[in-house]
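Hi,

Here is the structure I promised to pass on. Have a look at it first, and then read my notes below.

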Amino acid sequence: MTAIDLGIPGLTGVPTTDEKQTAKDYKSDQEVRWCPGCGDYVVLNAVQSFLPSLGLKRENIVFVSGIGCSSRFPYYMNTYGMHSIHGRAPAIATGLAVSRPDLSVWVVTGDGDALSIGGNHLIHTLRRNVNLKILLFNNRIYGLTKGQYSPTSEEGKVTKSTPAGSLDHPFNPVSLALGAEASFVGRAIDSDRAGLTSVLRQAAEHRGSALVEIYQNCPIFNDGAFDVLKDADEAQRRIINVVDGEPIRFGREGEYCVVREGFGLAVAKSADVDASEIVVHDASDLNLSFALSRLSTQDLTHTVTGVFRRADRATYDDSARAQVSEAKAAKPADLAKLLHGKDTWTVVG
Amino acid sequence: MSTETRKLDRVVIRFAGDSGDGMQLTGDRFTSEAAAFGNDLATQPNFPAEIRAPQGTLPGVSSFQLHFADYDILTPGDRPDVLVAMNPAALKANVVDLPDGGILIVNTDEFTKRNLTKVGYDANPLEDESLERFQVHKVAMATLTIGALENTGLGKKDAERAKNMFALGLLSWMYHRPTEGTERFLREKFAKKPDIAEANVLAFRAGWNYGETTEAFAVTYEVAPAKLNVGTYRQITGNTATAYGIVAAAQRSKLPVVLGTYPITPASDILHELSKHKNFDITTVQAEDEIAGIGIALGASYGGALGVTSTSGPGIALKSETIGLAVMTELPLLVIDVQRGGPSTGLPTKTEQADLLQAMFGRNGESPVPVVAPRSPSDCFDAVLDACRIALKYRTPVLFLSDGAVANGSEPWLIPDVDALPDLTVEFATDPETFQPYARDPETLARPWAVPGTPGLQHRIGGLEKQDVTGNISYDPENHDKMVRLRQAKIDGIDVPDVEVEDPDGNARVLVVGWGSSYGPIGAAARRVRKLGLPVAHAHLRHLNPFPKNLGEVLSRYDKVIVPEMNLGQLALLLRAKYLVDAVSYTKVQGLPFKAEELQDVLADVIKGVSA
């Protein structure tokens with residue numbers, strides 16, 4: 001039995017098991033060596049707890065990472081894994097996904113790995129829509145090299161390499177991914193286990209590249225970067241969790257909402273607008289997804305979480321395999337015939 | 001007046017024109033005619049890096065040289081016996097290579113004042129004495145072609161374009177070549193434009209008839225078929241042979257192939273060729289850059305395919321870090337470097353052998369990789385198969401060092417019996433009881449190839465140093481020392497065939513050692529000096545890392561070792577370092593292959609020096 005029988009497009013072709021799995025089955029025998037209090041622990045636990053629910057054979061799951069703190073992730077997963085080189089995980093995972101439809105391939109990367117040194121591979125992987133699940137741990141800092149600013153650090157950030165303040169304008173990773181034609185883009189916060197699990201599940205189900213940005217705290221070099229989103233009172237004013245097909249309201253009592261403004265979106269008080277003016281999330285609408293991504297400001301005044309975009313589009317790996325299958329069906333693999341070609345001559349003794 | 005026919009044992013013809021004149025096609029067709037006739041042959045195209053440099057200028061000159069003979073030849077020839085110059089630029093760029101008495105056929109229509117000025121001719125060389133040492137044939141090819149196509153309804157401009165076929169027809173007549181193949185080829189090539197097809201055939205025939213009916217050419221030539229080994233032959237370029245070798249490796253290993261690559265001159269034709277053969281379970285991915293190309297290949301290898309990436313020197317620079325990862329993760333990977341002139345962008349369409357040290361050492365840390373180099377266009381097939389054998393058997397990236405001369409050159413290829421090709425079957429790890437990611441085969445020192453999807457073998461690999469046997473991350477000093485030495489020992493222990501020495505008389509005191517595409521010119525030069533009574537031995541290396549086990553002993557047998565290279569002495573450096581041999585370098589970096597005649601002089605001098 002494979003995941004196609006479960007009706008999960010993202011996992012079509014991956015063998016499943018009836019054996020009961022628990023989070024423990026996904027823990028490797030390696031000692032986890034992140035700093036105490038690192039957000040990576042929370043994400044690791046969430047992933048290990050979530051994977052058993054997919055019912056896949058563990059040996060058919062592969063985690064590929066680049067370089068950085070988060071990229072140690074594969075060592076701690078009792079699956080197959082490769083800790084590769086800086087920024088290149090999407091390329092390596094592409095090669096694996098293209099050749100192996102029976103694998104569920106995950107990429108673990110960080111803001112420096114994915115958006116700086118590996119920016120090119122990230123955008124092209126999303127554009128091609130390779131069936132990979134990309135978990136981008138965004139802590140807005142370089143951790144492993146001990147505290148330089150990253151491509152998601154705020155302008156003016158004072159770090160070891162920028163004592164007078166960073167001059168770089170940051171990326172909004174969700175906007176970037178949408179601009180790169182991503183077919184699935186989501187965001188979650190490390191501390192929100194339920195929200196993270198929900199986005200992970202939808203990413204796994206999606207056939208094609210799924211980029212999941214995870215806000216993740218670095219307690220050593222950028223501690224508290226997302227604290228305003230973790231304070232219960234602040235969070236309910238700032239976090240806009242979107243669900244496909246539902247009106248976008250947030251706040252403790254749904255007292256805030258999202259409405260259209262010009263070509264974009266704005267936050268309003270639900271009491272001030274007619275219910276019909278509240279935007280209903282449509283994850284297949286790219287313009288809406290992009291406008292939502294722009295509601296998330298670097299200063300976290302508002303942060304949209306959930307699944308921004310989810311659209312069906314042919315995946316590169318499926319299409320590449322289809323071309324090979326069609327070629328095989330059309331023409332037998334006759335090596336002697338190939339080597340002879342059209343023009344030969346024979347020398348006789 | 002009747003035409004005299006002379007018999008020749010070999011001829012070198014060079015077609016030269018503007019890059020829009022179709023010289024490559026013309027040369028290619030003449031080559032096919034020679035092949036069909038049974039001559040041995042070798043070809044060398046030479047074209048500008050610009051796709052369409054300004055018309056009629058020196059940078060826009062494109063040429064195609066072919067050498068055909070009634071015996072087995074080794075090179076495309078040093079100098080043309082016949083130069084076909086389609087315009088003043090082609091004449092100016094190529095006439096220096098034409099020896100005295102050589103035949104020069106010129107398309108006079110292009111020798112206008114404007115075109116002459118463009119390339120710096122103050123006077124028309126066709127009208128003064130500057131060409132008098134050649135046998136000059138002035139032919140108004142464009143005018144004659146337009147005239148021949150008068151009734152086809154084609155406009156002048158379109159008609160004039162067929163003048164390259166006029167030239168081909170004329171040369172085909174001069175050398176008694178069969179014509180059916182070319183006519184058939186033209187009809188197939190322009191099947192969708194029958195009027196153009198017919199125009200080209202008419203132009204081709206017009207060229208032939210021009211030779212036949214005018215009295216301008218008093219002599220025609222015959223080159224008898226060569227006595228080649230029995231078997232079925234075809235003509236093949238190095239890049240095509242490389243692609244076919246990869247297809248063969250896929251078949252013989254029963255593995256799918258994933259080529260991850262980025263277009264680059266002069267390697268792109270390998271991608272073009274392989275992309276046509278998906279029916280052999282070959283997937284080609286044109287990646288976003290060189291790094292992604294090799295990353296995709298390595299990811300596929302990790303999944304149990306034969307990963308391949310193809311590039312030229314600048315691409316190798318970008319791929320270096322991933323080659324290092326393949327060294328560390330000990331996965332099979334074929335890395336093809338079709339060398340071109342460097343450094344940096346260098347001379348993209350010209351040949352050079354200057355990436356040897358980059359292939360050997362161009363990575364951080366102790367990062368040994370096997371290096372394999374083909375010596376001729378057809379040898380690419382066998383050499384790349386052997387590179388795949390090494391990659392699969394020893395679980396290592398292998399660098400395949402082709403070059404522009406080999407890649408674009410062509411020669412007849414004795415098509416091998418596919419059932420006689422080596423068996424490259426691999427065994428994947430499957431047993432969870434005994435599996436250790438970095439346990440080693442006692443004979444090859446290769447680690448197991450354990451692909452995702454295998455139950456019970458879940459493990460993690462990566463670029464960090466591995467603990468011996470377990471493959472766990474290890475920063476232990478002793479372990480690192482051991483692993484560095486193990487990786488080196490694995491490569492050092494690769495089974496490569498002994499190098500063979502060609503010394504027909506067995507009395508040589510001088511050994512010439514070469515590698516890669518210099519095989520032809522070195523071999524031809526060695527034959528020539530032997531004919532002069534000067535004995536010389538020739539050893540040509542396919543395996544640059546590890547060297548063949550008998551190489552040290554071979555080198556020690558001779559009084560003098562000379563190493564010609566199209567670089568500043570990279571192999572010589574390695575030989576001197578490893579064998580403490582006082583190897584003499586002869587080097588040239590002009591973007592062009594060695595000439596047999598220059599190497600003949602070099603060898604003769606060394607041999608005479610030793611005898612003296």
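Which residue just after helix 6 of chain B takes a positive phi? That would be B:His176, with a phi of about 55 degrees. Before going further, please keep in mind that this is a predicted model. Its scores are ipTM 0.97 and pTM 0.94. For chain B, the mean pLDDT is 95, and 100% of the residues reach 70 or more.

Let's stay with helix 6 of chain B for a moment, which covers residues 163-174. At 1.5 Å a residue, its twelve residues should span 16 Å, and the end C-alpha atoms are 17 Å apart, which agrees. Twelve of the twelve residues are buried, so the helix is largely enclosed by the rest of the structure. Among those buried residues are B:Lys163 and B:Asn164 at the start of the list, along with B:Phe166, B:Leu170 and B:Trp173.

That helix also falls in a stretch with an annotation. An unreviewed UniProt entry places the feature "domain: Pyruvate/ketoisovalerate oxidoreductase catalytic" at residues 20-207 of chain B. Over those residues the chain is 41% helix and 16% strand, and the end C-alpha atoms are 19 Å apart.

Now for where the two chains meet. Chain A puts 51 residues into the contact, and chain B puts in 60. On the chain A side, the elements giving two or more residues include strand 2 (80-83), helix 2 (89-99) and helix 9 (316-330) of chain A. Helix 2 of chain A gives the most, with eight residues. By type, the chain A side divides into 24 nonpolar, 19 polar and eight charged residues.

There is strand pairing across the chains too: strand 2 of chain A runs parallel to strand 17 (residues 460-462) of chain B, over three bridges. If you want a spot to click on, A:Met82 has B:Ile461 as its bridge partner there.

Back inside chain B, have a look at strand 13 (residues 333-339). Seven of its seven residues are buried, so this strand is largely enclosed by the rest of the structure. Both of its faces are covered: B:Leu333, B:Val335, B:Asp337 and B:Gln339 are buried on one side, and B:Leu334, B:Ile336 and B:Val338 on the other. In a regular strand, side chains alternate between the two faces of the sheet. Strand 13 of chain B pairs in the parallel sense with strand 12 (residues 306-311) of chain B over four bridges, and B:Val308 is matched with B:Leu334.

Chain B also has an open sheet of five strands, in the order 18-20-19-22-23, with mixed pairing. Its edge strands are strand 18 (501-502) and strand 23 (584-587) of chain B, each pairing on one side only. Strand 22 (residues 560-565) of chain B runs parallel to strand 23 of chain B, joined by four bridges. B:Glu565 has B:Thr587 as its bridge partner in strand 23 of chain B.

One last residue: is B:Ala241 buried or exposed? It has 29 C-beta neighbours inside 10 Å, so B:Ala241 counts as buried. You'll find B:Ala241 in helix 9 (residues 238-253) of chain B. Leaving out residues up to four places away in sequence, B:Ala241 touches B:Ile236, B:Pro377, B:Ser378, B:Cys380, B:Phe381 and B:Trp413.

Cheers

Note on methods: Residues are numbered from 1 along each chain as its sequence is written. Chains are lettered from A and ligands numbered from 1 in the order in which they are written. This is a predicted model: local features need pLDDT of at least 70, side-chain atom pairs count only at pLDDT 80 or more; totals for chains, interfaces and linings use all residues. UniProt positions are given in the numbering used here, feature names are shortened, and annotations may be inferred rather than shown by experiment. Two residues are in contact if their C-beta atoms, placed from the backbone, lie within 7 Å. Ala, Val, Leu, Ile, Met, Phe, Trp, Tyr, Cys and Pro count as nonpolar, Asp, Glu, Lys and Arg as charged, and the others, Gly among them, as polar. Two strands pair if DSSP finds at least two bridges between them. pLDDT is the predictor's confidence in each residue, from 0 to 100. The expected span of a helix is 1.5 Å times one less than its number of residues. A residue is buried if 20 or more other C-beta atoms lie within 10 Å of its own, exposed if 12 or fewer, and partly exposed in between; C-beta atoms are placed from the backbone.
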